[in-house]
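Biologist: Please take a close look at one thing for me, the empty space in this protein. I would like a connected account that a first-year student can follow.

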Amino acid sequence: MISFILLLISLANAALAKVSVGFNDCRGFFYASTPPQGFESISSQMTPICQMYEGYNNPFFASLYHKQNRYGLYSAYILATRPGDVVGADQTFRLEPQLVDTRLPSTIMLQPATETAIRNLGLSGVAGDLIRNVQAVNSDYTGSNYHKGHLNPNADHPDGPAQKVTYTLTNVAPMYGALNSGAWRNNEMRVRNIAASCSKMHVITGVVPGNNWISVNGVQRINIPSHVWSAYCCLDNNSRPIKAEGSLASNSVNSVTTGLSISNLQNQLRSLIGVSTITLFQNNCA
C-alpha cells in the first residue's frame, strides 16, 4: 500500500511537467515566449526542463539539457536585479529525477532521495546507475580541476527558492576555474548592472560542446565545453526591446569578449557548433 501511495504522489508531481516537451510549461522565460532555434539539431538527446523547486508549483527558469554530454546546453531566465554579488546559503547541487523517468518527482532532489524515489517506483536496475546513465553526479567533478559553472547564476535572483533552484547539475557545465571566478563572474556583474535600467531582462547562457571529457575510472562522464556564451534582451515598460548584446569566452582562458551584437554572437555560435542556423531571440530582440 505504501509503495502504491508513493507511486500516486510521483504521478501527481509529474503533472507539473518539469521535463516539458517544447518548454510548454515555462515559455515565459524566453523573449516573446519563443525558445532559441537551431540547438535541437546538435543531438537527439536534448531534454527541455522547466526547473522546479520543492514546495512551489511554478517553474523558476528553463534549461535545455544534453543527456549525452551531461550538462545544460543553455539556461534561460528573467534576471531579477539585486545589489552586490551575494551567494545563497544552500550550495548543495541536486539532480533531476525526471531525466530517469518522467513519473518521478518533478522537483530537483539530492542524490540519496532520488535513488529512494527510483526504488519506490520499482524501476528495473540499480538506482545509482540509472541516474549516472543520463546525468552527472557531484562526484564526477571531484578532482577534475573544473568548476561547476552556473549557467543561470544564483546571484541573479533574490534570496530563497529562486536562488536555491539554480543549484542543480542540469544548470551547470565544467568551467575553467579562473574564468568562472574571474572574467565570467565580472561579466555577470556587468549584465546585472545593465539590468537595473530594464523593466525586464531575458537572459540565455550556454556552452559550446568540446572535444575533451571529464573521465572517471577511465569512463567519459562529462563533456568539457570549448566556449561559454551569454546573451540578454532588455525590455522597456511597454515590453519593447531597447538593448541586446552577447558575450563569448573560450573555456581555457580568463577573458570574455563582450558587447557582441546578437547577430554576431549567433554567427559565431553557428560556426563553433557546426549547425546551419542559430536564433537566440525572436527578431534578434530588435
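Modeller: What follows deals with the cavity, and then with a pocket.

This is a predicted model, in which local features need pLDDT of at least 70 and side-chain atom pairs count only at pLDDT 80 or more, while totals for chains, interfaces and linings use all residues. Residues are numbered from 1 along each chain as its sequence is written, and side-chain values use heavy atoms, with hydrogens and water left out.

Rolling a probe the size of a water molecule over the atoms shows where empty space is left. The search runs on a 1 Å grid over the protein atoms alone: a cavity is a set of points where a 1.4 Å probe fits but cannot get out, whereas a pocket is an open set with protein on both sides within 12 Å along at least five of seven lines. Grid points are joined across faces, edges and corners, and a volume is the space filled by probe spheres set on the points.

The structure holds one cavity of 30 Å³ or more. The largest cavity has a volume of about 80 Å³. Its lining (residues with an atom within 4 Å of a point) consists of Y77, L79, L151, P153, D156, W184, N187, E188, V191, V203, T205 and S230. Two elements, α7 (183-195) and β6 (200-208), each give two or more residues to this lining. Helices (H or I, at least four residues) and strands (E, at least two) are DSSP runs, numbered from the N terminus. The greatest share comes from α7, with four residues. By class, the cavity lining has seven nonpolar, three polar and two charged residues. Here Ala, Val, Leu, Ile, Met, Phe, Trp, Tyr, Cys and Pro count as nonpolar, Asp, Glu, Lys and Arg as charged, and the others, Gly among them, as polar.

Now for the pocket. The second largest pocket has a volume of about 160 Å³. Its lining has 13 residues, and F23, P36, E40, L64 and Y74 are the ones that lie nearest the centre. Strand β1 (residues 46-51) gives the most to this pocket's lining, with three residues. Sorted by class, the lining of the second largest pocket has eight nonpolar, three polar and two charged residues.
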